[in-house]
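The following exercises concern the structure shown below. Each task is followed by a worked solution.

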Amino acid sequence: MRSGRIAARLLAPLAGALLVSACATPGQYELAQRDPLEKVNRGVWAVNQGADKVLIKPVTHVYRAVAPRPVRQGVSNLFANLSEPWSFVNNVLQGKSDRAGRNLARFLINSTIGIAGLWDPASKLGARPAPEDFGQTLAVWGVNGGPYLVLPLLGPSTLRDGVGSGVAAYADPVKLAINHADISVWYKRGYLAAYIVNTRSDLIESGGDAFLESSLDPYAAARSAYLQIRTAQIANQDDQGSGAPAANGVPAPAGNGATMPATGAPLPGDDQPGAPLPQSSAPLPGDDTPAAPPAPAAPQPGTAKPAAPLPQSGAPLPGDDAPATPRP
């Protein structure tokens, strides 16, 4: 408890300084796109990649090998359900009563009928997800993004979103309940470890690893993708009939899923029709419809024209079996 108060006191002036600098930055993400802290960010990125390669990714692969897909989906649903109270608070702070109502409805339905959130009956009942975090709330309040940051273990962020993550650590109702619960510290660490592994598993599921591995500069690709995701999330594009252009698979902040961008090309195994094949006028086997007579080919330059057909006579030719016309 004492350590939490000390951390909160240290965080308050830091958050204030960060917000002031963010407000002074012109443009939503101009400074983040210029990335003035790139040298430091790349160093943190390298450390994060090393930790992921040595520890987080191997543990996640074991989890994915042991837990079948329905179990993993249930765990993802559970953590998504636990993010609803914080989304509700932020939607209220942003004055979005409709989205706040959806948060409340989803939490009540999924926590009861969905058995603590392991299932998502709320979506089937029409209560669509409405995720929000404090970084988005600050953006709605007019705070600009500030410089791009790569946070230790947390990954891509901005100055504004970093402040939002710090506030969430002490204001999220679920995190407050866990931190103040009279349980062993190992249970609390277990919850955090499970959240990290689940988030990493969702990243693999969305194709994020393949996206980064195919990029010439994974750091720059992750930065660009993160800024695209946040722009779409702040604009609530999920309510406008289009998903976030998460051209990355890089995970968004807690409670906000990220997906890979859709492409118009059908993937192998898709049922989407390809380009129509040229149709032939020849009848298929079993067809009763006679084929249309082929059109006469146009004569090519320099070729002789075919001779006109000879007039046909009604008289039988020698050797024909047809009877001759009887004489009168």
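Contact means heavy atoms within 4.5 Å. This is a predicted model, in which local features need pLDDT of at least 70 and side-chain atom pairs count only at pLDDT 80 or more, whereas totals for chains, interfaces and linings use all residues. Residues are numbered from 1 along each chain as its sequence is written, and side-chain values use heavy atoms, with hydrogens and water left out.

**Exercise 1. Describe the protein chain as a whole.**

Step 1. Helices (H or I, at least four residues) and strands (E, at least two) are DSSP runs, numbered from the N terminus. The protein chain has 13 helices and 2 strands.

Step 2. Among contacts in the protein chain with a separation of 6 or more, 66% join residues 24 or more positions apart.

Step 3. Buried means under 20% relative accessible area, exposed over 50%, and partly exposed in between (1.4 Å probe, protein chains only). Of the 328 residues of the protein chain, 32% count as buried.

**Exercise 2. Determine how helix 13 is placed, and examine Arg223 within it.**

Step 1. Helix 13 has 17 residues and reaches 24 Å from its first C-alpha to its last, close to the expected 24 Å. The expected span is 1.5 Å times one less than the number of residues.

Step 2. Since 12 of its 17 residues are buried, helix 13 is largely enclosed by the rest of the structure. Among the buried residues are Tyr219, Arg223, Leu227 and Arg230.

Step 3. Arg223 is found in helix 13, which covers residues 218–234. Its relative accessibility is 16%, so Arg223 counts as buried. Not counting residues up to four places away in sequence, Arg223 touches Ala32, Asp35, Glu38 and Tyr148.

Step 4. Just after helix 13, Asn236 takes a positive phi of about 55 degrees.

**Exercise 3. Identify the elements that build the largest nonpolar core.**

Step 1. A nonpolar core is a set of buried Ala, Val, Leu, Ile, Met, Phe, Trp, Tyr and Cys residues joined through side-chain atoms within 4.5 Å. The largest has 13 residues, of which Tyr29, Ala32, Trp45, Tyr148, Val150, Tyr219 and Leu227 touch the most other members.

Step 2. Two or more residues of this core come from each of helix 3 (38–66), strand 1 (148–151) and helix 13. Helix 13 gives the largest share, 5 residues.

Step 3. Apart from this core lies another, of 6 residues, among them Phe134, Leu138, Val143 and Val163.

Step 4. Leaving aside neighbours within four places in sequence, Leu227 is in contact with Tyr29, Ala32, Gln33 and Thr158.
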